[in-house]
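Me: I'm new to reading protein models. Could you walk me through this one with a few questions and answers?

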Amino acid sequence: MPSTTAANPAPDWHEDALCAQTGPEFFFPEPGSSVSDAKRICFSCAGRAACLDYALTHDERFGVWGGLSEKERLALRRTRS
């Protein structure tokens with residue numbers, strides 16, 4: 001979930017995203033915790049593709065973004081390189 005400040009407003013997709021209506025503990029779990037709940041929420045969210053694109057563009061390294069974990073996003077970045 002993007003941080004929002006006056007200099008960095010939230011992306012258009014974020015206001016209606018399911019993660020904005022859910023606690024961050026699902027998307028930024030403690031190390032070793034399951035991300036299955038976050039992924040389940042992401043896969044039913046209309047903003048999933050835009051969220052994933054945002055995470056890849058902004059090199060988000062923590063949490064679940066667009067239905068992918070940190071490791072999954074890293075693997076995706078490597079296949080795109």
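Me: How many cavities of 30 Å³ or more does the structure hold?
Reply: Happy to help! This is a predicted model, where local features need pLDDT of at least 70, side-chain atom pairs count only at pLDDT 80 or more, and totals for chains, interfaces and linings use all residues. Residues are numbered from 1 along each chain as its sequence is written, and side-chain values use heavy atoms, with hydrogens and water left out. On a 1 Å grid over the protein atoms alone, a cavity is a set of points where a 1.4 Å probe fits but cannot get out; by that test, the number of cavities of 30 Å³ or more is one.

Me: What is the volume of the largest cavity?
Reply: Grid points are joined across faces, edges and corners, and a volume is the space filled by probe spheres set on the points. For the largest cavity this gives about 110 Å³.

Me: Which elements give two or more residues to the lining of the largest cavity?
Reply: Lining residues have an atom within 4 Å of a point, and the largest cavity has 16 of them, with C19, F27, C42, C51 and G66 nearest its centre. By class, 12 are nonpolar (Ala, Val, Leu, Ile, Met, Phe, Trp, Tyr, Cys and Pro), one is charged (Asp, Glu, Lys and Arg) and three are polar (the others, Gly among them). Helices are DSSP runs of H or I with at least four residues, numbered from the N terminus. Those that give two or more residues here are helix 1 and helix 2.

Me: How do helix 2 and helix 3 pack, in terms of their angle?
Reply: Axes are lines fitted to C-alpha atoms over the stretch in contact, and angles run from 0 to 180 degrees between N-to-C directions. Helix 2 (residues 48-57) and helix 3 (residues 70-80) have axes 11 Å apart and an angle of about 75 degrees. Angles of 65 to 115 degrees count as roughly perpendicular, so helix 2 is to helix 3 roughly perpendicular.

Me: Which residue forms a salt bridge with K39?
Reply: Side chains of opposite charge can pair when their charged atoms come close. A salt bridge is a side-chain nitrogen of Lys or Arg within 4 Å of a carboxyl oxygen of Asp or Glu, and the structure holds four. For K39, the closest N and O atoms are 2.7 Å apart, and the partner is E72.

Me: Where do K39 and E72 sit along the chain?
Reply: The pair links distant parts of the chain, 33 residues apart. K39 is in helix 1 (residues 36-43), and E72 is in helix 3.

Conventions:
Angles under 35 degrees count as roughly parallel, over 145 as roughly antiparallel, 65 to 115 as roughly perpendicular and the rest as oblique. On a 1 Å grid over the protein atoms alone, a cavity is a set of points where a 1.4 Å probe fits but cannot get out, and a pocket is an open set with protein on both sides within 12 Å along at least five of seven lines; lining residues have an atom within 4 Å of a point.
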